[in-house]
Amino acid sequence: MNENGRSVSDLIDELITYGRGCGLIEEDDEILCRNRLLELFEEDEFKPEGGSAPSRDLHFILEDMTEYAVSKGILKSDTIASRDLFDTKIMGLITPPPSAVNRHFMEKYRVSPKDATDWYYSFSNATNYIRTDRIAKDIKWVSSTPFGDLDITINLSKPEKDPRDIANALNAPKSGYPLCLLCRENEGYAGTLTHPARQNHRIIPIKLCGQSYYLQYSPYVYYNEHCIVFNAEHTPMKIDEDAFAKLLDFIQAFPHYTVGSNADLPIVGGSILTHDHFQGGCYEFPMVRAGYAKKFTLKGYEDIEAGLINWPLTTIRLRTENMAELIKVCTMILDAWRNYTDEQAFIFAHTYEDGIKTPHNTITPIARMRGNRYEMDLVLRNNITTAEHPLGVYHPHSEYHHIKKENIGLIEVMGMAILPARLRYELGMIEEIIENSLSRADGDVTEAVCCELKKDEKLNVHEEWIRQILKDNVDTLQKNREKETDAIKEFLRQETGIVFSHVLENAGVYKQTPEGIEAFMRFISQFE
């Protein structure tokens with residue numbers, strides 16, 4: 001029995017009741033699922049003794065079951081990764097097979113695409129493939145910037161590595177199966193210390209332009225219904241005419257979703273360039289709300305609405321009811337951008353070193369429906385590096401690395417910051433230091449705060465930023481904190497969002513200045 005007086009039979013009964021309640025287990029399958037769980041826990045009999053218990057969140061049930069397995073030696077290693085592998089194995093025993101899931105999805109799709117995705121998203125939560133208890137820990141807020149409100153998140157849903165897991169992984173045999181985290185072979189895979197378990201994972205087969213793809217949700221949903229659409233084959237990312245056609249084909253099939261692709265070059269691309277995939281979801285990103293900074297007409301395609309939007313990354317927005325014409329225009333702009341050089345604007349299509357030609361220009365495309373019109377955002381990207389900016393000229397610059405150093409991928413391009421978990425501690429400590437310094441109200445508050453930051457090696461990277469933002473705000477902060485409990489926290493969050501807006505400006509190949517727009521129009525002039 002566990003500390004709550006519940007036997008393993010009680011816990012199995014509780015999980016079966018949960019599965020019945022959320023539709024994972026049909027009445028005909030109840031005994032089968034129960035016996036599978038008894039086998040996992042090395043029990044010969046089913047003897048629930050605890051009587052009826054109040055319904056609990058799934059993660060509490062799984063925690064108790066995993067704790068039981070550890071106490072009985074069924075689970076040999078009591079680490080985060082081992083526990084994750086085990087509780088996923090538990091859920092795999094009550095998750096319906098792919099055939100049943102696919103059949104149910106298509107039944108819902110015949111009602112409407114939204115009914116289908118609503119059901120599938122709920123299902124992916126119910127199986128604990130999406131660990132909602134962990135995602136709830138993510139910190140989120142909205143910051144006002146010159147480019148409108150931006151979504152800011154600190155990602156806390158990915159568990160930290162246990163040193164024991166790291167050590168064990170070094171000694172574990174290496175496997176090339178599945179080839180990557182996106183491959184369809186992940187469905188039902190038991191996992192290893194270096195590869196997550198996926199027994200509770202089900203993927204939905206779809207066709208894009210006649211080619212086989214699969215739909216799934218991200219286990220770390222950064223926004224509502226954060227989905228991934230991936231090629232049935234393990235083939236590299238490539239932005240081309242086919243990619244544009246597939247994005248538009250997807251929103252035709254799921255018109256309530258936005259979908260886009262990371263760029264296909266390092267630095268400006270995503271974390272997995274080796275497997276062709278898109279990302280999307282049922283969410284309005286800040287980018288959608290951006291208006292036009294300058295409209296223009298494309299010769300031969302006068303019926304397509306076109307313009308540069310008021311966004312930190314250089315984005316061409318195209319709107320039309322004609323999908324075929326839109327694909328042609330997107331391909332025309334991509335082909336021109338791939339080979340476009342403007343030394344005055346520091347745009348180089350290629351560089352050469354030791355006789356090797358390296359391409360730098362590509363596009364991050366994003367598609368959505370606007371009523372009965374297709375809308376495509378083409379974000380111009382360039383991954384050139386220099387001695388001054390070794391990580392990329394159009395990449396977060398070093399003065400902002402204290403907040404964001406990682407690549408600017410698709411999600412951030414659309415206006416949602418995914419910031420590192422370390423910032424929870426760092427911003428919290430800075431808030432405390434500012435609060436203490438304001439409470440003392442003696443001497444130079446800014447200097448007092450910066451002096452404290454220097455003493456902590458994790459906080460000293462923020463010193464120049466804090467000095468700058470406190471410079472003209474100490475008196476205002478002092479007044480606000482007397483009226484609002486979280487005044488300092490809100491101040492730091494707002495300023496963090498401003499830094500993120502600067503990071504996005506760094507990634508823009510043309511700046512939103514008269515000179516930048518003039519340089520952008522030199523590129524566009526070839527189409528007018």
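Here are some questions and answers about this predicted model.

Q: What makes the Phe105 and Tyr120 pair edge-to-face?
A: Start with the centres of the two rings, which sit 5.9 Å apart. Rings pair if their centres lie within 6.5 Å, so Phe105 and Tyr120 qualify. Next come the planes, at 85° to each other. Planes over 60 degrees apart count as edge-to-face, so that's the name this pair gets.

Q: Which parts of the chain does the Phe105 and Tyr120 pair tie together?
A: Phe105 belongs to helix H5 (residues 98-111) and Tyr120 to helix H6 (residues 113-126), so the pair links parts 15 residues apart in sequence. Both Phe105 and Tyr120 are buried. They also belong to a cluster linked by ring pairs, together with Tyr109, Tyr121, Tyr217, Phe250, Phe254 and Tyr257. In total, the structure has 26 aromatic pairs.

Q: Why is the pair of Phe296 and Phe520 called tilted?
A: The ring centres are 6.1 Å apart, and the planes meet at 55°. Stacked needs under 30 degrees and edge-to-face needs over 60, so 55° falls into the remaining class, tilted. Phe296 is in strand S8 (residues 292-296) and Phe520 in helix H17 (residues 514-524), so this pair ties together parts 224 residues apart in sequence. Both of these residues, Phe296 and Phe520, are buried.

Q: How do you know that Arg34 lies over the face of Phe46?
A: Arg34 is 4.4 Å from the ring centre of Phe46 and lies over its face. The distance cut-off is 6 Å, so 4.4 Å passes. Lys458 over the face of Tyr425 passes too, because its distance is 5.5 Å.

Q: Why does Ile267 count as partly exposed?
A: Its relative accessibility is 23%. Buried means under 20% and exposed means over 50%, so Ile267 lands in between. You'll find Ile267 in the loop between strand S6 (258-260) and strand S7 (277-281).

Q: What makes the phi of Ile267 worth a look?
A: The phi of Ile267 is near 75°, which is positive, and Ile267 is not a glycine. Most residues other than glycine have a negative phi. Phe346 also has a positive phi, about 55°, without being a glycine. Phe346 sits in the loop between H10 and strand S11 (350-353). With a relative accessible area of 33%, Phe346 is partly exposed.

Q: What is the peptide bond from Tyr177 to Pro178 like?
A: That bond is cis, with omega near -15°. Most peptide bonds are trans. Pro178 is in the loop between helix H8 (163-171) and strand S3 (204-208).

Q: How do you know that Leu326 and Thr331 are buried?
A: Leu326 has a relative accessible area of 0%, and Thr331 has 12%. The cut-off is under 20%, so both count as buried. Leu326 lies in helix H10, and so does Thr331.

Q: Which residues does Leu326 contact, leaving aside its neighbours within four places in sequence?
A: Leu326 is in contact with Leu248, Ile304, Leu318, Thr320, Tyr374 and Met376. As for Thr331, setting aside residues up to four places away in sequence, it touches Glu241 and Phe244.

Q: What is the span of helix H9, and what is expected?
A: Helix H9 (residues 241-253) has 13 residues and reaches 19 Å from its first C-alpha to its last. At 1.5 Å a residue you'd expect 18 Å, so the reach is close to the expected one. Among the buried residues of H9 are Ala243, Phe244 and Phe250. At the start of H9, a side-chain oxygen of Asp240 comes to within 3.2 Å of the backbone nitrogen of Asp242. The cut-off for a polar contact is 3.5 Å, so this distance fits.

Q: Which residues touch the most other members of the largest nonpolar core?
A: Of its 92 residues, those are Phe41, Leu215, Phe250, Ile316, Leu318, Tyr510 and Phe523. Helix H10 (residues 323-338) supplies the largest share of this core, nine residues. A second, separate core has 52 residues, including Tyr222 and Met414.

Q: What covers the buried residues of H17?
A: The cover includes S8, strand S9 (305-309), strand S10 (315-320), H10 and strand S14 (373-382). Phe520 and Phe523 are among the buried residues of H17.

Methods
Residues numbered from 1 in each chain as written. Predicted model: local features only at pLDDT ≥ 70, side-chain atom pairs only at ≥ 80, totals over all residues. Heavy atoms only, no water. Helix = DSSP H or I, 4+ residues; strand = E, 2+ residues; numbered from the N terminus. Buried < 20%, exposed > 50% of the residue type's maximum accessible area, 1.4 Å probe, protein only. Polar contact = N/O pair within 3.5 Å; in protein donor to acceptor, adjacent residues only side chain to side chain. Phe/Tyr/Trp six-rings, centres within 6.5 Å; stacked < 30°, edge-to-face > 60°. Lys NZ or Arg CZ within 6 Å of the ring centre and 35° of its normal. Core = buried A, V, L, I, M, F, W, Y, C linked by side-chain atoms within 4.5 Å. Contact = heavy atoms within 4.5 Å.
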